[in-house]
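Me: I'd love a close look at one part of this model, the place where two helices cross. Could you walk me through it?

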Amino acid sequence: MQTTLPQHARAVIIGGGIVGASVAYHLAKLGWQDTLLLERRQLGCGTTWHAAGLIAQLRASINMTRLAKYSQELYGTLEEETGIATGFRRTGSVALALTADRMEELARNASMARVHGVEVEVVDRAELGRLHPLVNLDGVRGGLFIPRDGQGDPLNIATALARGARQQGARIIEGVTVTAIRQKDGRVCGVDTDHGPVEAEVVVNCTGMWANAVGQLAGAPVPLHACEHFYVVTEPMAAITGTLPVLRVPDECAYYKEDAGRMMLGAFEPNAKPWGMDGIPEDFCFDELPEDWDHFEPILERALHRLPALAETGIRTFFNGPESFTPDNRYHLGEMPELPGLFVAAGFNSVGIQSAGGAGMALAEWIVGGAPPFDLWDVDIRRMARFQSNRRYLRARVSETLGLLYADHWPYRQPETARGIRRTPFHDRWAALGACFGETAGWERPHWFLPEDARACGEKPEYALSWGRQNWFEYSAAEHRATREGVALYDLSAFGKIRVEGPDACAVLQHICAADIDMPQGRLVYTPWLNPRGGVEIDVTVARLAPDVFLIVTPTATLRRDLAWLKRHIPAQARAVAVDVTSGEAVLGLMGPRARDVLAALTPADISPDALPFGSVAEIELGMALARVHRVSYVGELGFEIYLPTEFAMHGFDAITEAGAAHGLRPAGVHAMDSCRLEKGFRHFGHDLTDEDHVLEAGLGFAVAMEKPDGPFGPFIGKSAVAERRAQGLDRRLLAFRLTDPAPLVYHGEPIWRYGRLVGHVTSGAYGHSLGASVALGYAEVARGEPVAELLGAGWEIEIAGQRHPAQASLKPLYDPSGARMRE
């Protein structure tokens with residue numbers, strides 16, 4: 001039968017798995033009935049059909065949990081709406097801890113679950129035995145029970161979503177392959193297929209493990225790679241009662257699910273097998289991969305010990321099928337930054353069934369509304385650097401990421417594979433000084449330094465991870481103290497640098513920046529960029545290098561996002577361009593009370609506070625080179641950011657370290673920077689700031705210039721939202737906290753209590769070495785018009801692993817609240 005395609009659709013979705021069906025369903029629900037889903041073979045024939053069907057609620061952040069909970073609620077109503085049974089039922093789930101670290105993780109997860117509104121219980125061995133009578137509790141310390149977790153039939157859920165989409169007017173056509181993604185005037189305008197072209201305003205790449213190749217059709221690859229994923233299904237077991245919860249034993253890399261009287265045993269092993277390196281066969285459809293008993297045998301051996309009843313039954317099915325994984329074990333969602341109109345939802349890392357409902361809803365609202373409906377940075381495709389779509393890189397990385405789902409989720413854990421790719425010019429110098437490197441957006445950055453005497457004793461600069469004070473704690477404390485009391489040297493080269501230039505550069509930035517950036521040449525300013533809701537898209541510094549030249553410095557992880565936002569908000573008629581110049585300059589941060597003494601030994605320039613005050617920019621001689629100095633600090637001390645063309649970087653480094661020796665100059669890493677900035681209450685985008693957080697809630701009203709005149713491109717973005725919120729008052733605020741007990745450690749996501757009521761959560765935390773306790777930032781509910789003295793009074797607590805700890809709250813920085821030290 002000849003397939004006839006429409007000539008036009010408002011949205012074309014490529015891929016008919018559960019994610020594509022969910023996007024179609026939600027677009028149609030939002031009134032986009034002119035939606036067309038194209039599937040190359042049959043619905044669900046790639047990964048959906050063989051998924052395990054585990055549907056959990058608790059994820060790593062508030063909004064990811066919000067999406068997973070939405071999926072559950074949706075799947076519970078689909079059968080009534082569409083007439084297709086989804087097999088969804090709430091069986092509950094149990095996770096076992098075999099180590100003290102795992103028990104700590106589960107207890108912390110339970111605390112975090114309270115923020116998310118997820119019903120959860122930390123349970124002992126006796127209760128675990130009651131919940132799952134088949135489990136051998138040998139070596140088990142305790143566990144976590146989530147009673148409303150569930151399971152379902154993945155293919156039936158996808159089919160129900162597809163029927164629901166059709167009922168709302170969407171069209172779904174199987175047996176059509178997209179061969180090209182059309183572009184016109186810098187945005188998507190449709191697709192070509194083996195059955196003819198279709199014009200479209202929006203194209204959505206929901207092709208799962210094909211997403212990288214499909215993205216390449218438009219020059220917009222998606223960083224993911226397929227891996228082999230294994231499970232076995234037993235013969236019927238008399239011991240299965242039909243009421244068993246899903247069982248997870250992450251320390252043994254295994255999960256167990258009752259499956260129609262049989263038991264399914266699946267694995268997330270630490271050394272996975274990438275698949276499809278040379279491409280996925282064109283005719284792949286409901287296919288399986290060859291068995292590999294040798295690879296699965298260690299999982300099975302441990303399973304026979306953990307569930308002894310397995311030894312009394314046979315194995316009916318050994319299944320091996322491909323699933324897609326991403327470099328950081330988080331899926332990809334959103335609009336491709338370099339190509340407006342092209343969206344993606346792919347790379348679900350074996351949580352596609354539990355995520356699909358919420359991801360489809362969020363992406364549909366993003367498409368229809370023109371912006372993310374809430375903070376989705378955890379999974380935003382813009383977090384990925386372009387090089388991360390390199391296939392050799394992906395093959396190496398995903399061999400690790402498959403196993404990360406069940407690995408210990410210690411704080412500061414770093415990837416082990418595909419490392420050393422993106423280095424600053426100073427990398428080898430830092431390594432010689434004992435640096436332990438971490439990775440952000442592929443950049444290798446010193447996180448902490450192992451002193452020479454420790455290296456002489458045979459220690460290595462490597463993480464020994466735990467939930468307590470890790471092996472680098474005292475070393476980072478020394479770096480922190482050097483920053484506060486002496487002088488320290490940081491590598492800031494990986495921060496993004498965007499040059500904006502042209503006759504209209506100032507007017508464009510006045511429209512995009514909330515602060516007033518029409519400042520004299522040689523000055524810089526801190527500013528948020530806002531969205532129309534008043535949410536913070538990013539916070540940056542902007543330096544005026546010439547009348548029509550500005551340099552924007554952005555966080556390392558957000559450069560791609562920020563450049564895309566900037567380019568999309570430069571009016572078409574504006575005479576201004578924005579260019580990424582990150583790799584053109586290396587940057588050293590010379591920070592601390594003695595920083596001026598070190599720099600003065602290297603330059604004849606007057607760098608006194610009067611000649612080079614805080615917030616100024618100047619070109620100076622440095623050794624035998626020229627450098628540009630920015631008087632700004634992210635650690636809250638006197639500091640100089642020293643920008644060097646990359647060809648002069650090593651000379652500058654050697655000159656500074658040689659001059660610094662007489663002043664006790666110490667290398668310092670990311671951990672010291674983080675603890676210093678938290679003592680100062682400086683925000684970090686992605687944690688303390690998101691596009692969902694209003695700039696006034698975030699305490700950044702001082703950086704918003706409501707009085708600056710509207711320019712030729714209109715008022716600054718978000719101005720009306722700021723005025724409206726100021727008139728309304730705030731019922732949520734970002735506060736700084738210091739625990740009164742010096743022992744506990746705060747990281748991220750911990751609940752905040754006030755007079756016994758849950759009022760918020762921690763956004764970021766670290767140990768404040770100058771303050772002698774953990775410090776944190778976090779959002780909390782407040783009463784509008786509440787007096788500050790009452791707000792900051794007693795009654796504040798932060799919950800860590802089920803225990804509440806009293807905390808001091810503050811609206812001002814806990815360290816040097818006046819900011820005098822960095823302005824010296």
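Reply: Happy to; here is the helix crossing, followed by a buried serine in a loop.

A word on the source: this is a predicted model, in which local features need pLDDT of at least 70, side-chain atom pairs count only at pLDDT 80 or more, and totals for chains, interfaces and linings use all residues. Residues are numbered from 1 along each chain as its sequence is written, and side-chain values use heavy atoms, leaving out hydrogens and water.

Helix α2 spans residues 62-82 and helix α5 residues 154-167; helices here are DSSP runs (H or I, at least four residues), numbered from the N terminus. Their axes, lines fitted to C-alpha atoms over the stretch in contact, with angles from 0 to 180 degrees between N-to-C directions, come within 10 Å and cross at roughly 55°. The pair is therefore oblique (neither under 35, over 145, nor 65 to 115 degrees). On the α2 side, Leu-74, Tyr-75, Leu-78, Glu-81 and Thr-82 make the contact (heavy atoms within 4.5 Å). Their partners in α5 are Ile-157, Ala-160, Leu-161, Arg-163, Gly-164 and Gln-167.

Now the serine: Ser-389 sits in the loop between α8 (352-369) and α9 (391-404). Ser-389 has a relative accessible area of 12%, so it counts as buried (under 20%, using a 1.4 Å probe and protein chains only). A polar atom of the Ser-389 side chain lies 3.0 Å from the backbone oxygen of Arg-386. Beyond its neighbours within four places in sequence, Ser-389 is in contact with Asn-212, Pro-221, Pro-223 and Leu-394.

Technical notes. Helix = DSSP H or I, 4+ residues; strand = E, 2+ residues; numbered from the N terminus. Buried < 20%, exposed > 50% of the residue type's maximum accessible area, 1.4 Å probe, protein only. Polar contact = N/O pair within 3.5 Å; in protein donor to acceptor, adjacent residues only side chain to side chain.
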